[in-house]
Amino acid sequence: MDGDDKYLLKFKGYNFARLFVDINFLKNLDDFETRDDDVFVITYPKSGTIWTQQILSLIYYEGHRNRTEIVNTADRSPFLEYNLHKIDFEKRPSPRLFASHVPYYLAPKGLKNKKAKVIYVSRNPKDVLISYFHFSNMLVTFEASNNIGEFMEKFLDGKVVGSLWFCHESFDHMRGWYEHRHDFNILFMVYEEMKKDLRSSVLKISSFLEKELSEEDLDAVVNQAVFQNMKVDPQANYDSILKNEIGLRTKGHFLRKGTIGDWKHYLTVQQNERFDRVFQRKMKDFPLKFIWEI
Ligand code: A3P
């Protein structure tokens with residue numbers, strides 16, 4: 001663990017958001033007691049976490065689908081390592097939903113023993129980069145960057161919360177989870193596929209969770225999980241949490257654009273070529289394909 005960065009806390013090679021994380025919790029993370037019916041959404045930041053949290057909550061809670069129980073996403077499926085509301089996880093009734101950005105090697109051993117289910121969501125890393133640039137500049141708890149180029153270098157070096165998206169020794173995210181997929185009870189979802197066909201994606205998730213949805217339920221889930229509806233849903237859009245609990249440096253929204261290929265509006269030709277070279281070098285033998293544009 002090093003302790004000299006205002007924003008990042010490095011623990012076992014991985015960068016956590018210093019201001020939200022409880023180091024004592026991290027030290028015991030390995031032994032965190034998972035239950036068979038726990039479900040974890042795991043992502044690299046800015047890959048569709050909040051979206052999948054919303055889908056899970058809608059699948060699991062009838063009161064969410066029919067809007068009779070108004071509960072914030074952060075409380076329906078809290079972050080494991082960033083427990084903002086200090087929820088006592090042990091006291092939560094089953095089935096428990098969680099979100100997390102941890103790399104595979106820091107996952108509680110219960111997950112590695114296939115206790116609990118994992119849904120890993122990936123997104124093309126150029127859109128992750130652009131989303132992350134805006135997000136870090138917006139929040140007081142992240143380091144701001146003057147421009148995309150500056151942020152891109154931090155991202156490519158893994159000097160951000162979540163460390164490296166790319167593969168590098170064992171400290172990588174996407175590849176780590178993928179290469180160790182046989183250790184987990186895991187479903188891989190792709191942000192861009194969810195965007196292209198949300199209905200099929202919800203069905204895929206519900207079938208993995210063995211949760212059968214009626215047509216009416218399915219409609220309710222899809223309807224409340226589309227970007228436009230989540231963006232105006234105070235329980236789902238995190239606006240109040242960002243503003244009142246975390247603090248905004250500049251105006252903005254967690255649900256910013258929710259599109260595929262936004263990177264084209266931001267990266268210069270040179271930046272894009274540099275990104276492609278790094279991607280080629282580090283990911284060329286990676287079997288999963290990424291969707292870069294519509
Ligand atoms: P953008 O910044 O590109 O808009 P995470 O929750 O992992 O931090 O990811 C946040 C990104 O997911 C943001 O991307 C956000 O807008 C997008 N997102 C959230 N809900 C979405 C939805 N229902 N449909 C599409 N994108 C969504």
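Select Leu8 in strand E1 and Ala17 in strand E2: in E2, Ala17 is the bridge partner of Leu8. Helices (H or I, at least four residues) and strands (E, at least two) are DSSP runs, numbered from the N terminus. Residues are numbered from 1 along each chain as its sequence is written. The model is predicted: local features need pLDDT of at least 70, side-chain atom pairs count only at pLDDT 80 or more, and totals for chains, interfaces and linings use all residues.

**The hairpin**

Extend the selection to residues 8-11 (E1) and 14-17 (E2), which run antiparallel and are joined by four bridges. Two strands pair if DSSP finds at least two bridges between them. E1 and E2 form a hairpin with two residues between them, and Lys12 in the turn has a positive phi of about 50°.

**The whole chain**

Next, display the entire protein, whose secondary structure comes to 14 helices and six strands. The radius of gyration of the protein is 18 Å, close to the 19 Å that the globule rule gives for 294 residues, so the protein is as compact as a globular protein of that length. Here the radius is taken over C-alpha atoms, and the rule is 2.2 Å times the number of residues to the power 0.38. The C-alpha trace spans about 50 × 40 × 40 Å along its principal axes.

Of the 294 residues, 37% are buried; a residue is buried if 20 or more other C-beta atoms, placed from the backbone, lie within 10 Å of its own. Of the contacts with a separation of 6 or more, 69% are between residues 24 or more positions apart. Two residues are in contact if their C-beta atoms, placed from the backbone, lie within 7 Å.

**The open sheet**

Now select E3, E4, E5 and E6, an open sheet of four strands in the order E4-E3-E5-E6 with parallel pairing. Its edge strands, E4 (97-100) and E6 (186-190), each pair on one side only. From one strand to the next the twist averages 20°.

Cross the sheet in that order:

- E3 (residues 39-43) and E4 run parallel and are joined by four bridges; Val41 stands opposite Ala99 in E4.
- E3 and E5 run parallel with five bridges between them; Val39 stands opposite Lys117 in E5.
- E5 and E6 pair in the parallel sense over five bridges; Ile119 stands opposite Leu187 in E6.

Pause at E5, where six of six residues are buried. Lys117, Ile119 and Val121 point one way, while Val118, Tyr120 and Ser122 point the other way. In a regular strand the side chains alternate between the two faces of the sheet.

**Helices on the sheet**

Add helix H10 (residues 198-208), which lies across E5 and E6 and runs at about 175° to E6. Axes are lines fitted to C-alpha atoms, for helices over the stretch in contact, and angles run from 0 to 180 degrees between N-to-C directions.

**The ligand**

Finally, centre the view on the ligand and its 21 surrounding residues, of which Thr49, Ile50, Ser131, Arg256 and Gly258 come nearest. A residue is near a molecule if its C-beta atom, placed from the backbone, lies within 6 Å of it. Helices H2 (49-60), H6 (125-138) and H12 (227-231) each supply at least two residues of this shell. Colour the shell by class to see eight nonpolar, seven polar and six charged residues. Ala, Val, Leu, Ile, Met, Phe, Trp, Tyr, Cys and Pro count as nonpolar, Asp, Glu, Lys and Arg as charged, and the others, Gly among them, as polar.

Notes. A residue is buried if 20 or more other C-beta atoms lie within 10 Å of its own, exposed if 12 or fewer, and partly exposed in between; C-beta atoms are placed from the backbone.
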